[in-house]
4 protein chains.
Amino acid sequence: MAKFSQEIEVSGHLIDSSILTKIFDKIMDLHGEFQVEEINIGKKKKDPSYARLSITGKNQKHLDEILETVYREGAVSKIQKGISLKKAPKDMVMPDDFYSTTNNHTQVFHNDEWIQVENMMMDKCILVKDNRAFCVPVRDVKKGDEIIVGENGIKITPPERPREGVNVFEFMGSSSSSERPTQHIAKKVAEDIYKTKKSGGKIVIVGGPAIVHTGAADAVAELIKLGYIDGVLAGNALAVHDIEYATLGTSLGMNVHDATLAYRGHRNHMDTINAVFRAGSIVNMVKSKKLTRGIMYQCVKNKIPFVLAGSIRDDGPLPDVITDVAVAQKEYKKILKDANMVIMISTMLHSIATGNMLPANVKVIVIDINQPTVTKLMDRGTWQALGIVTDVGAFLPMVVQQIKKRK
Amino acid sequence: MAKFSQEIEVSGHLIDSSILTKIFDKIMDLHGEFQVEEINIGKKKKDPSYARLSITGKNQKHLDEILETVYREGAVSKIQKGISLKKAPKDMVMPDDFYSTTNNHTQVFHNDEWIQVENMMMDKCILVKDNRAFCVPVRDVKKGDEIIVGENGIKITPPERPREGVNVFEFMGSSSSSERPTQHIAKKVAEDIYKTKKSGGKIVIVGGPAIVHTGAADAVAELIKLGYIDGVLAGNALAVHDIEYATLGTSLGMNVHDATLAYRGHRNHMDTINAVFRAGSIVNMVKSKKLTRGIMYQCVKNKIPFVLAGSIRDDGPLPDVITDVAVAQKEYKKILKDANMVIMISTMLHSIATGNMLPANVKVIVIDINQPTVTKLMDRGTWQALGIVTDVGAFLPMVVQQIKKRK
Amino acid sequence: MAKFSQEIEVSGHLIDSSILTKIFDKIMDLHGEFQVEEINIGKKKKDPSYARLSITGKNQKHLDEILETVYREGAVSKIQKGISLKKAPKDMVMPDDFYSTTNNHTQVFHNDEWIQVENMMMDKCILVKDNRAFCVPVRDVKKGDEIIVGENGIKITPPERPREGVNVFEFMGSSSSSERPTQHIAKKVAEDIYKTKKSGGKIVIVGGPAIVHTGAADAVAELIKLGYIDGVLAGNALAVHDIEYATLGTSLGMNVHDATLAYRGHRNHMDTINAVFRAGSIVNMVKSKKLTRGIMYQCVKNKIPFVLAGSIRDDGPLPDVITDVAVAQKEYKKILKDANMVIMISTMLHSIATGNMLPANVKVIVIDINQPTVTKLMDRGTWQALGIVTDVGAFLPMVVQQIKKRK
Amino acid sequence: MAKFSQEIEVSGHLIDSSILTKIFDKIMDLHGEFQVEEINIGKKKKDPSYARLSITGKNQKHLDEILETVYREGAVSKIQKGISLKKAPKDMVMPDDFYSTTNNHTQVFHNDEWIQVENMMMDKCILVKDNRAFCVPVRDVKKGDEIIVGENGIKITPPERPREGVNVFEFMGSSSSSERPTQHIAKKVAEDIYKTKKSGGKIVIVGGPAIVHTGAADAVAELIKLGYIDGVLAGNALAVHDIEYATLGTSLGMNVHDATLAYRGHRNHMDTINAVFRAGSIVNMVKSKKLTRGIMYQCVKNKIPFVLAGSIRDDGPLPDVITDVAVAQKEYKKILKDANMVIMISTMLHSIATGNMLPANVKVIVIDINQPTVTKLMDRGTWQALGIVTDVGAFLPMVVQQIKKRK
């Protein structure tokens, strides 16, 4: 073995999930050398594989670079070192060299045992306390918190490619395309929602105002009413448009049922905002029977939690909107906790925000008419993410129709 | 009156159709001067208006520039000169200074009378023969043909904004947007197709292979079967995909009814092409009962003419494809003659080709999921063009469903 | 005159700016009748025009609908009524039937004189106090405030089409296209920035992180350094990426100067955020010489105000970010006050936000590679808005090069 | 070993190039079973690997399905059978069950030896004659030709991931994005063109008219003049716009150097077409000194072959355009023979056409401002394809500037 060498191990569905390919890639990208010391490919498809490689760098620094990189792909050092901890110097300041997280399932080696990191998210640090490890954002760091630094003692498990069960994710891989049989895709999505729910899964919708413009608000409201949805994440616009449509029949002044312009329709948007302010809140509007249909109504009536995050472009915004985005992020995370499926509809802003908060193993469906938006959202995705380039105004009603057939 | 001045007249719905605005714009853009000598605005909405302007340029050349420009917007000289003619020097060569056409209704002043130009299209020349005037493309010009040169003696009538009757063109203007209530738009389009047909109109479809990929082939076949379509313009790909779907159930190897990949499905595309070559033609396939459903089948069965224009990217192409594009253009024009409505679906190439062949008063509906495509096609459009950014796989089935309700 | 008729007047560049066309349109769209009682078209291009119409509705309600609609297009009633005022019933609640503003220059008729409304913005209400009128958002309304209700006594002046002077807005109209000679467009934009500044104008940039990704950060920093920019409006991402690039040379871990991936580059984003938290603020980083180049540095050094508005998708966000969007909106408005030109670069969110805050007469340039984004932003625009579909990484350096040539 | 089992072998850079991953995927997708009988992973990065698998299906048909599928990924049967041949029943008709090609390097086992297939392209059949094998399109098949049927005796070698040498393909993988440092990408592309040429490579440009609209025609002409380009593939539009710009300074009537509209500029497009018809051909225009600059001029002057393929949307088309697309395809293929790099600029039609004609190992660079276009073109790509979403009007001049620096 050369001077600047180290052995690493990796196990799991190495080939099926491309893990070994990625590790080899990374080593070569960094101009390192490697030898495969031992390899054991599962003889049947469910058997796990094991590989032991010896990696060689030009010098210690080079070797460390390579090692840190392959650790992030799921490799672990043969001789496992424990994590290093350093205290946060101030509130909201991480120690230098803090370990920056991925969104993959992560364990840390501390006091000679592997501990699972809780609340896993991307681009955060890891706080260790009372033999537990937590993924925390910089603003939640308190002076003196013990934060992991460096890359030692960390084991990442990349998500494995799903194989079993018939679901929409299986037949399309992670690609997005507008050239797919739409009616069938709608059927598959319906099936997947149905099965996820039937097996006790938690489904969260993230949505933008195009749901209302394109005439799909009734479909989404129906999904909530039927009990398929466990949380709604949105901004001010979805709520305002939904309530405008529910109370006045228009979306930005256009009659949704026939696409004509309503008289003084330009006022309807602001009138709606004023109506919610007059009631004091959306919940109050429902209580006082001023709001009797639509997405927000169904949320209130069926006690489905919703979070409206403020944005700089908001009109109003409604009293229910959390105008402080740092607070809104916390509320989003509460809704997303333990979600099994997240359906993102026509909103880049809230979809990216939600994506940042999700561990890699949550199923994500992205539906939007703009292909670059879908591509952007899918870039972070793995096998469990599905992009559908379609017209939500036509697609969502189809999905609901299919779900109702199954009931 | 200044030395380099001339009076022009213009009449029609000057203000409603923005004609006067455009004339004023053009004069100012060219840094000319003008005085409104007389103006007569129709007192009621159906009354035509009349205006007489005196235009002044810096010199004769400048004045001529301005005049030629405003003539193209519908103005005519107060003292009308006749057209000038020059002989084509060779086959397929127009004389210098030939008049290059617009796609607007055009009359020419010849032998002291106004003659209407036939077969109006954009960017062509005008041939005068036996007191008739024809719009002809350069390749059809024969040596010695009398071609109009210069800009004198030509009167253009821009299309007027439609007002009466309830149709889909009225409520949306010429704008295109993905933020419209899709289900209602589908209803309006259905209404418009229904009424156009009921009143004896001619409807032509221009379509691309995404019709099949997205699962809308059955809807288009149904429209043809129901008698709403009078011609189909396409390329090789639509026909191949349609026949692959009709005979093997797949589109590029993917089963359209459930989006799974067929075994050896990659062959289906080429197998289909081979099957048509074996039969000799699409018509033969129908006769020998090898082709019993789909868009091409309905065309053959219902004697609806179709033209398949070749393109450099064709696989095959099928024996039915006209591989010479100059010939294909002529065949396209035959189908388009006297069309009242053209529905362009998911094909930029054939849609632009068709657009170039249409006079400005034909209603055009453009349906595509890619907004820039729709925008590009609409750029040439006037009030009678309508862009719909949607997923054809979801939209067309809705349209057909709505039409069947009306029957 | 019929029973349900009323006379209206309108004056200005009626035809050149299409005002008359729009008024006729609106009447006809609402199925009203009209007669042109008097019309006086300016004989020369700078002369204003005048028209007096009598409008007839089917009943009083119908007539009122038509009148309110045409008032919004610039018409005024012949017999001018004063505005009506009603007290706000609660904090943050407008009275029923409040007048909802446009973004056009607006005057109100109160105590027999015309008062100009201050801080004009779209979709707000108008507060009258001490013979002054203010445009205020719903959240700023206090119980008892006198708010205009109904549509009487309001005069709107739509922006006129710019004619004089050679600027980039003149030659392109309000269209956006990717098929323009890019190098020349860059020259024209440079010219326009130069002239606006030379004549004492105020220029504000609204920008997204793609400025940094695409390698245009140096160009923007240079523009600020050269004194052309009077304010920067952005979100967390632009600042983080700019500081990452300025301090570490990377953007999301990619070395901007050669597009390679930096070692442990994934950390750089979070490291940058941590560095700002450690310093306490961006200003402190500059003071302590930790930040010595880039967009944010040039802002601090040249005392150019910047506002970073928080959004739900922020990492961090930086201590300088205003996480409460309602507060951020107020700060944005302060920067935008009296701006003559706003340049929006690669950020839909902040650009739409800014657009909502601007009166219609401010010049807006929108630069983005995604055509639907540009189209969406331009939809609200009038003649003074210009959309450029290009790659900012190539375009902005060209603009700066051109400006430096002029100096 | 089970009854319906067979052993296959595969060798090469199995893991680095994901070949093994793809084979495992395919078997599992088809619900087959497999055991890894032997595996030998190259211990160093350049060492080839070898694997022997035994595959088991539910029945013979199932097993055959799996085998045929994995053969297409590079696997070969342990006991190699020879190919089967069948005679073509008619001109332009392939025998049933013909083998449909991929675009990968392919060998066939015939008379106990492996023969390499010539003129490799996708979706064609393979003709065997005199112990040579040729990839031929259906229209070139003659009655009696010996065509390969079934899937036996065929060995495919997927392209390997390039590792050595510093080129633009290496650092970006096959992804396309508009969020890259444009100026650096331009430098890398320049480097790659320079090196390809220096090492005696053949470079072909495929281009659309946006090259001229966006002001990049001078850059492309310069590239040809400098000797970097060995062939130009385009349609009518590029030639017409280039010659309009070269002779009249405009593109569709707009002055390219300052983006103003030329007087009677709408005629320039047709005037240009007429001028070429008058001269008889583009070559004649150059000879008679009517054409003295631009892309087409540089082609003629430097004897760089160009092919203009007709399309249904052509104006004219020019006498030089090959209006029969079947003929044009053959001419395209001649130019593409042995090309090492193909640069596709702003033309979906001709780029897809060219892509269909290329073997998988040719480097392809796709440059377009429309992301869906780039994505669509890249879908067929492997590691050697590179998509750049940028504004060609800004990007190409940068590339040329960089190349000139290197000279």
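**Exercise 1. In which loop of chain D is D:Pro158 found, and is D:Pro158 buried or exposed?**

Solution. The model is a predicted one.
- Step 1: place the residue. D:Pro158 sits in the loop that runs between β11 (154-157) and α3 (168-172) of chain D.
- Step 2: count its surroundings. There are 20 other C-beta atoms within 10 Å of D:Pro158. The cut-off for a buried residue is 20 or more, so D:Pro158 is buried.
- Step 3: list its partners. Apart from neighbours within four places in sequence, D:Pro158 is in contact with D:Ser17, D:Ile19, D:Glu73, D:Gly74 and D:Asn104.
- Step 4: compare sequence with space. D:Thr102 is 56 residues from D:Pro158 in sequence, while their C-alpha atoms are 9.7 Å apart.

**Exercise 2. Describe how chain A is built and divided.**

Solution.
- Step 1: count the elements. Chain A contains 14 helices and 20 strands.
- Step 2: take the dimensions. The C-alpha trace of chain A spans about 80 × 50 × 35 Å along its principal axes.
- Step 3: divide the chain. The domains of chain A are domain 1 (1-79), domain 2 (80-161) and domain 3 (168-406). The centres of domain 1 and domain 3 of chain A, taken over C-alpha atoms, are separated by 42 Å.
- Step 4: look at burial and contacts. Of the 407 residues in chain A, 56% are buried. Among contacts in chain A with a separation of 6 or more, 65% come from residues 24 or more positions apart.

**Exercise 3. Check the length of helix α4 (residues 182-198) of chain A against the expected span.**

Solution.
- Step 1: compute the expectation. The rise is 1.5 Å a residue, and the multiplier is one less than the number of residues. The 17 residues of α4 of chain A should therefore span 24 Å.
- Step 2: compare. The end C-alpha atoms of the helix are 24 Å apart, which agrees.
- Step 3: see which residues are covered. The buried residues of α4(A) include A:Thr182, A:His184, A:Ile185, A:Val189 and A:Ile193.
- Step 4: look past the end. A:Gly200 follows α4(A) and has a positive phi, near 80°.

Repeat for helix α14 (residues 392-406) of chain D. Its 15 residues should span 21 Å, and its end C-alpha atoms are 21 Å apart, so the two values agree. Among the buried residues of α14(D) are D:Phe395, D:Leu396, D:Met398 and D:Ile403.

**Exercise 4. Why is helix α1 (residues 19-29) of chain C described as largely enclosed?**

Solution.
- Step 1: count. Eight of the eleven residues of α1 of chain C are buried, so the helix is largely enclosed by the rest of the structure.
- Step 2: name them. The buried residues are C:Ile19, C:Leu20, C:Thr21, C:Lys22, C:Ile23, C:Phe24, C:Asp25 and C:Ile27.
- Step 3: find what they pack against. Within chain C, the buried residues of α1(C) pack against β1 (5-12), β2 (33-40), β3 (49-56) and α2 (60-71). They also pack against α1 (19-29) of chain B.
- Step 4: follow the chain onward. After α1(C) comes C:His31, with a positive phi near 60°.

**Exercise 5. What relates chain B to chain D, and how do the two chains meet?**

Solution.
- Step 1: superpose. Chain B falls on chain D after a rotation of 180° with 0.0 Å of shift along the axis, at an RMSD of 0.1 Å. This is the relation of a two-fold axis.
- Step 2: locate the axis. B:Asp324 comes closest to it among the residues of chain B, at 2.0 Å (C-alpha).
- Step 3: count the contacts. In this pair, 42 residues of chain B are in contact with 42 residues of chain D. α8(B) gives the most to the side of chain B that touches chain D, with eight residues. That side divides into 19 nonpolar, twelve polar and eleven charged residues.
- Step 4: compare the surfaces. The copies meet through the same surface, because 100% of the interface residues of chain B are also interface residues in chain D.

**Exercise 6. Where does C:Asp123 lie, and is it buried, partly exposed or exposed?**

Solution.
- Step 1: place the residue. C:Asp123 lies in the loop between β7 (113-118) and β8 (125-129) of chain C.
- Step 2: read the backbone. Phi of C:Asp123 is positive, near 60°. Most residues other than glycine have a negative phi.
- Step 3: classify. C:Asp123 has 19 C-beta neighbours inside 10 Å and so counts as partly exposed.

Note on methods:
Residues are numbered from 1 along each chain as its sequence is written. Chains are lettered from A and ligands numbered from 1 in the order in which they are written. This is a predicted model: local features need pLDDT of at least 70, side-chain atom pairs count only at pLDDT 80 or more; totals for chains, interfaces and linings use all residues. Two residues are in contact if their C-beta atoms, placed from the backbone, lie within 7 Å. Helices (H or I, at least four residues) and strands (E, at least two) are DSSP runs, numbered from the N terminus. Ala, Val, Leu, Ile, Met, Phe, Trp, Tyr, Cys and Pro count as nonpolar, Asp, Glu, Lys and Arg as charged, and the others, Gly among them, as polar. A residue is buried if 20 or more other C-beta atoms lie within 10 Å of its own, exposed if 12 or fewer, and partly exposed in between; C-beta atoms are placed from the backbone. Copies are superposed by least squares on the C-alpha atoms of residues with pLDDT of at least 70 in both. Domain bounds come from an automatic or database domain assignment.
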